[in-house]
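Reader: Got a minute to walk me through this fold? I'd like to start with the sheet and then poke at some helices.
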Protein chains: 2
Amino acid sequence: ALGAFPLGDGCTLFRVWAPRAREVALLIEEDARPPIPLAHEGDGYFSSVVSGVGPGARYRYRLDHGAAFPDPASRFQPLGVHGPSQVVDQGCYQWHDGEWRGMPLERYIIYELHVGAFTPQGTFDAVISRLDYLAELGVTALELMPVAQFPGERNWGYDGTFPFAPQNSYGGPEGLKRLVDACHGRGMAVILDVVYNHLGPEGNYLHPYGPYFTDRYRTPWGDAVNFDGPDSDPVRHYVISSALQWVVDYHLDALRLDAIHGIFDFGARHILGELACELHRRQEALGRPVYLIAESDLNDTRVILPPERGGHGLDAQWNDDFHHALTAFLTGERSGYYADFGSFGQLVKAFEQGFVLSGGYSVFRRRRHGSSSADCPPSRLVVFSQNHDQVGNRMAGDRPHERLDPARLRLAAAAVLLSPCLPLIFMGEEYADPAPFPYFISHGDPGLVAAVREGRRREFASFMHQGEMPDPQDETTFRSARLDLGLHRVGEHGRLFAFYRELIRLRKELLPVSRFRDGEMALAADEGRQILSIV
Amino acid sequence: ALGAFPLGDGCTLFRVWAPRAREVALLIEEDARPPIPLAHEGDGYFSSVVSGVGPGARYRYRLDHGAAFPDPASRFQPLGVHGPSQVVDQGCYQWHDGEWRGMPLERYIIYELHVGAFTPQGTFDAVISRLDYLAELGVTALELMPVAQFPGERNWGYDGTFPFAPQNSYGGPEGLKRLVDACHGRGMAVILDVVYNHLGPEGNYLHPYGPYFTDRYRTPWGDAVNFDGPDSDPVRHYVISSALQWVVDYHLDALRLDAIHGIFDFGARHILGELACELHRRQEALGRPVYLIAESDLNDTRVILPPERGGHGLDAQWNDDFHHALTAFLTGERSGYYADFGSFGQLVKAFEQGFVLSGGYSVFRRRRHGSSSADCPPSRLVVFSQNHDQVGNRMAGDRPHERLDPARLRLAAAAVLLSPCLPLIFMGEEYADPAPFPYFISHGDPGLVAAVREGRRREFASFMHQGEMPDPQDETTFRSARLDLGLHRVGEHGRLFAFYRELIRLRKELLPVSRFRDGEMALAADEGRQILSIV
């Protein structure tokens, strides 16, 4: 256990791993006491039960009589990443989902949303007010883009630095609990996107505490997390504890692990295998299934193979190939990673086998890529025609409806929603919301802002002729991403929405996931006429 | 195919992968012709059949009208790493081992030797002259420390930069063939130590040719080899071709893969799995088994598990834990990696299960380490009480007989040679040769020499009170490592030699590897009296 745990009698247990410190003292705000030294347990762990401190108290840790920092395992950062941590009583929320027993993964129809941009208010509670809408659409699982505390109020979420703390500007711990509770009340599962491959650059106070990071491996986003070097056991524990907290304290049904190709672990027991094992063995006690879904660009079935076959034992993984095959086929795009895609046969392969790049040469990667997923049940692959990355990592964040005519948009929707895999919709695609989803941040460090701007400009240098790149730091960029859900009843938007609703209804009726597996349904591809039929 | 291939009619095919060059021209020494441009095949490969060039011709490649470099796939560097490459006709050697069908791995009793230090001459041919001695000892397999061309004449071998070229000062291609042939003539297998985790710092001319290396991962010895980045397919092909050449052209029976924990590959198909697959499928055509034996400090059974269980499918791996458990128990040493060892129970575990560190906490590594090898047949683990690293990576390269009394020395020998695993002896240990095995080099670059000296000094800083560290570059350091095989008949040396010979005879009679597996033999450990019996 790491963090602050109120014990209910006016005392709180504080426990932190700080092997780089010889002494750790607790500084409590608005408390007349001098800094309270924590006892050294050994192995770099410090802890003490402190009286007169309860939920709501704000604190920092002072390391070796020097500077004081927020708690790496902070449950709440009420004033943001640079402020103090706050003691949270995870037991005080009154849950109403006692009847909830989770949902089989095969029934997941996923709706990915960004809490900040989904509603004008940008809060967990405001999402609750839209659950009627989502129920009308018919999706069965919400997937929240990362909510771990990030710097400022506007961020995709992948710059989080407190992997246990729901974003303050979204509504903090109570807000997230209310949202999950409300979803469960409507029979909807909730997936949380969690980032364990790096921590954000601003508000990252972990370095003075201990070797959370390593320079042995590089990630595109910052220092790799130390999963296999000296003193990595407590780092692994930190990450596993974070994952467990989301599932246990916040009742989340599944975690979407961001970019596991940035999780480097050469040890004999891979952190992902250990994480899966630790989460899955909680299922019985929780009385519901808990799923781990990886985002991976490795096209490696070991991610989802069971341990006895040498796999990590995760439950599912994203299949970008489906997206790329579908998009390249429908739009004719061939730049970047689309260079490997475009044929009708690849689309058929994506339906039939999952990975399109299954060991052959990739022009984009300039090497052979992937393994075959022909043996993997389709219910273990998540597919989509849009997601935050595929929309947002275009220079302007423009959506497919700007490039596809209505017929092709519908074709894409049907391909995803009737596929034997798990479908994912990105917020707004169901009625072609005109809002783009550009990259946005609200860092406090001007140097960092400049670096992000420069990085994005470099990334999109060859697209600059298409117009000016939105400034990630500018609030209007963020505002442009906000949906206008009201449009879903208007004109062509409304017709598309009705089409999505009908596809989802049909999916629930047909249950393609299990029917494909049982051989009741099959694909028939007519290469010449480019017709893919489900029979 | 990469390299120069004489076609027998006065023509030679030259083929090189040089994606960083737009033009490649062949420069032949003592040839009046101007540089001969090679044709670009595409994908960075250049090749041409050139007439008037045969075996023995010396050549370089000129890249883009600039500097000329030796061939990365050179079969021979007659003048060393900085000189030209030489065309070799691999078919001209007259082999005498047509009857050789290899040897089952279980019968390997391995003798590790350094070609340069084993005899006063330091050549392959001089090793042949000692095969009578080795036959008398009774070992069944020679393991040669790396012979791929390294800078200078004195080197452990791990600084090689031409993975296809046997060291010129050892006798080059013909010399190695004569040695392997002679071994086979005596029923002895030959293992070659090959280094695919990095290439040496001096005489490494690969950079101008192509992206052989990557900065995504770090090794302690230099840039990691690019096994999973852009353009890694040809790099993988280069390494696999090297391994195949040793087996096919040099008739080697097994390869010992140096430090595979420095081989980084996050792709869906690990280079080691591909290498094993490529080598093993040659076995039928070769009419003999081919083994891959890994040095690994990962304690990870995936190295030797079959592909269907998620493993790389190698045949065996070194088990350092056996050495550490044995040494710590017998000597009482507890510094460095011995911190995790010392108990009798660990020695028993090393016998019974293989890995001692099988997932528990390692004090030395400051994290949990390893997986259990209890399920692995003992014949897939190589054990030793000495090897080049365990002797040589002490400050003075001093051997165990300087710290152990004769009884303990014999105990160590018996533990190794009667173990259910594959035993390995390090040259000279069988008669306690007084020669140390210190680290030695003969680099031509003074800056590099200074860096190596400094690195070794730093490594052994805490041992400096034990005396002066031998200078790696000084020739006397190398000379001190030379064995005096004549001693094996003298006094206590002779008695120890007779004991080793008897143990080896006994091992051949008892065949502990298969008997342990079949349950015919078993271990009985008396913890109280610290007696380990084989019954």
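Author: Sure, we'll go through the strands and then a few helices, keeping in mind that this is a predicted model.

Reader: What do the strands β10-β11-β14-β17-β18-β19-β22-β23 of chain A form?
Author: They make a closed barrel of eight strands, with parallel pairing. Neighbouring strands are turned by 30 degrees against each other on average, direction ignored.

Reader: How many bridges join β17 to β18 in chain A?
Author: Four, between residues 254–257 and residues 291–294. One of the partners: A:L257 bridges to A:A294 of β18(A).

Reader: And which strands does helix α11 of chain A lie across?
Author: Helix α11 (residues 406–417) lies across β22 and β23 of chain A, at about 140 degrees to β23(A).

Reader: Switching to α4(A): is it largely enclosed or not, and why?
Author: Largely enclosed by the rest of the structure, because ten of its 14 residues are buried. Among them are A:L176, A:L179, A:V180 and A:C183, but also A:K177 and A:D181.

Reader: What covers those buried residues of α4(A)?
Author: The cover includes α2, α3, β11, β13, β14 and α5 of chain A.

Reader: You mention α5(A). At what angle do its axis and that of α6(A) cross?
Author: Roughly 35 degrees, with the axes coming within 10 Å, and the crossing is right-handed.

Reader: Which residues make that contact?
Author: From α5(A), A:R236, A:I240, A:A243, A:L244 and A:V247; from α6(A), A:I271, A:E274, A:L275, A:E278 and A:L279. They divide into seven nonpolar, no polar and three charged.

Note on methods. Residues are numbered from 1 along each chain as its sequence is written. Chains are lettered from A and ligands numbered from 1 in the order in which they are written. This is a predicted model: local features need pLDDT of at least 70, side-chain atom pairs count only at pLDDT 80 or more; totals for chains, interfaces and linings use all residues. Side-chain values use heavy atoms; hydrogens and water are left out. Axes are lines fitted to C-alpha atoms, for helices over the stretch in contact, and angles run from 0 to 180 degrees between N-to-C directions. Helices (H or I, at least four residues) and strands (E, at least two) are DSSP runs, numbered from the N terminus. A crossing is left-handed if the near helix is turned anticlockwise from the far one by less than a right angle, and right-handed if clockwise. Contact means heavy atoms within 4.5 Å. Ala, Val, Leu, Ile, Met, Phe, Trp, Tyr, Cys and Pro count as nonpolar, Asp, Glu, Lys and Arg as charged, and the others, Gly among them, as polar. Buried means under 20% relative accessible area, exposed over 50%, partly exposed in between (1.4 Å probe, protein chains only). Two strands pair if DSSP finds at least two bridges between them.
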